[in-house]
Amino acid sequence: MSGLDRPSLGISLRILSGLLMGGMFVSVKAVSADVPLGQIVFFRSFFAILPLLIFLLVRNEFPGGLATKRPGAHFLRASFGALALFASFAAVARLNLAEAILIAQLSPILMAVGAAILLSERLTKWRVLGLLFGFLGVIVLVWPELIASRGDARLLGYAIGVSAAALSALALIMVRSLNQTESPGAIALYFVLASMIGGIATLPWGWITPDWATLGLLILSGLFGGFGHIAMTLAFRYAEASRLAPFEYIALLWPLLADLFIFRLSLSNSFILAAPLILAGAVIAAAEKRNRKSRSWFGRRR
C-alpha cells in the first residue's frame, strides 16, 4: 500500500466532510428566503478562506504550496466547482433540504462512471453493486415527491439539482486528478476564490444588509464549507473516487435529520423504505474483497 493509498482514512474523511457540508447546507437553507443567491455564495466562499489558510500554514504550504504547473486543470476544477455551488444553493432555495441533497446523490454515480472513463480507475462489481443499491434507495426516497410535484418552481429546482450533480461530479473527478501532483489546500483555495469572484459579480443585481442572526449563519456556512472542503479534498487524496462514491449516500442522513429536528418536517414513509437500501450500498462497497486476484470490470488486476 502506497502512502497515498489509505482507503479507510479516505472513507472516514469523506463521511466527516458530509457532516460538515450538511451544516453548511442547513445554514444556507435558513437564509435562502431572504438573502440573494450570489451573496450567499460570496459569504460562503469568503469565510471558507480562513480555515483553508490555517490548513496551508499548518502544512507549511503557504505561499509556496500555491504554485502550480497545471493552471488549466485548476481553472476547470474551480469553474466546475463554482457553478456546482451556485446550482446546489439554488436547488436548496427551491426544494426542501432533504430533496435537494437527494438529487445531489446522482453525483457519486456520475463520478464513479466518469472516473472509470476519464481516469482509468477500477470499477469492480462490488462498487457497482453498492452504487446500484444506493441509487435504488435514492429513487425510492425521491420518487413520491417527483410524482406529487406540479409547481414550476419545484420542477425548476429538480432540474437545477440534476445540473448541480453533474457539475459536482466533474469537479470531484478533477480533484482526484489534481491530487496526484497538487496540494490539497491549493485545490480548495483556488475553488473558493473562483466562487467568491462569481458571487461578488452578482453585486449589481442587488444584495441586502443582513441582521446579526443572518450574518452569523452566513459566516457559519463559510466555516462549515471550508473545513468540509478540506476533509473532502484529503479524502480523494487517500482513496479512489469510485471507492468513495457509495459513502456519498451517508450524507443523506444529515439533511434528513435537519429537516426533522431543525426545520420540524415529518419523516416520510419513503425514507423508512429507502434508508436500508442506501446503507446496504455502503456496506456492500465496504465489504469489497481485497485480494490481488480480484479483477475490475475492465479486466485489469487490482
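Before the cavities, one definition: Ala, Val, Leu, Ile, Met, Phe, Trp, Tyr, Cys and Pro count as nonpolar, Asp, Glu, Lys and Arg as charged, and the others, Gly among them, as polar. With that in hand, the second largest cavity has a lining of 8 nonpolar, 2 polar and no charged residues. Please keep in mind that this is a predicted model.

I'll stay with that cavity for a moment. Its space comes to about 50 Å³. The residues that line the second largest cavity are Phe-25, Ser-88, Ala-91, Val-92, Ala-100, Ile-101, Ile-103, Ala-104, Gly-161 and Ala-164. By the definition I gave, Ser-88 and Gly-161 are the polar ones in that list. Which helices supply at least two residues each to this lining? They are H4, H5 and H8, and the largest share, 4 residues, comes from H5.

Now the other cavities. Searching the whole structure gives 3 cavities of 30 Å³ or more. In the largest cavity there is about 590 Å³ of space. It is lined by 31 residues, and the closest to its centre are Arg-14, Met-21, Phe-25, Ser-168 and Met-232. Phe-25 is a name you have heard already, as it also lines the second largest cavity. Two or more residues of the largest cavity's lining come from each of helix H1 (7-31), helix H4 (71-94), H5, helix H6 (106-118), helix H8 (152-178) and H10. Which helix gives the most? That is H1, with 7 residues. Sorted by class, the lining of the largest cavity has 19 nonpolar, 8 polar and 4 charged residues.

Next, the largest pocket. Its volume is about 240 Å³. There are 16 lining residues, and Ala-98, Leu-256, Asp-259, Ser-266 and Ser-268 are the closest to the pocket's centre. Helix H5 (97-104), helix H7 (125-148), helix H12 (253-261) and helix H13 (269-286) are the elements that give two or more residues to this lining. The class count for the pocket is 9 nonpolar, 4 polar and 3 charged residues.

Two of those pocket helices, H5 and H12, also pack on each other, which brings me to helix pairs. Two packed helices are described by the angle between their axes and the distance between the axes. For H5 and H12, the axes come within 8 Å and cross at roughly 170 degrees. Angles over 145 degrees count as roughly antiparallel, so H5 is roughly antiparallel to H12. On the H5 side the contact is made by Leu-97, Ala-98 and Ile-101, and on the H12 side by Pro-255, Leu-256, Ala-258 and Asp-259. That contact has 6 nonpolar, no polar and 1 charged residues. Ala-98, Leu-256 and Asp-259 from this contact are also among the residues closest to the centre of the largest pocket.

The second pair is helix H2 (residues 37-46) with helix H10 (residues 212-238). Their axes come within 7 Å and cross at roughly 55 degrees. H2 and H10 are therefore oblique to each other, and their crossing is right-handed. What meets what at this crossing? From H2 there are Ile-40, Phe-43 and Arg-44, and these meet Leu-215, Leu-218, Ser-221, Gly-222, Gly-225 and His-229 in H10. By class, that contact has 4 nonpolar, 4 polar and 1 charged residues. H10 also returns us to the largest cavity, since it is one of the helices giving two or more residues to that lining.

Methods: Residues are numbered from 1 along each chain as its sequence is written. This is a predicted model: local features need pLDDT of at least 70, side-chain atom pairs count only at pLDDT 80 or more; totals for chains, interfaces and linings use all residues. Side-chain values use heavy atoms; hydrogens and water are left out. Axes are lines fitted to C-alpha atoms, for helices over the stretch in contact, and angles run from 0 to 180 degrees between N-to-C directions. Angles under 35 degrees count as roughly parallel, over 145 as roughly antiparallel, 65 to 115 as roughly perpendicular and the rest as oblique. A crossing is left-handed if the near helix is turned anticlockwise from the far one by less than a right angle, and right-handed if clockwise. Contact means heavy atoms within 4.5 Å. On a 1 Å grid over the protein atoms alone, a cavity is a set of points where a 1.4 Å probe fits but cannot get out, and a pocket is an open set with protein on both sides within 12 Å along at least five of seven lines; lining residues have an atom within 4 Å of a point. Grid points are joined across faces, edges and corners, and a volume is the space filled by probe spheres set on the points.
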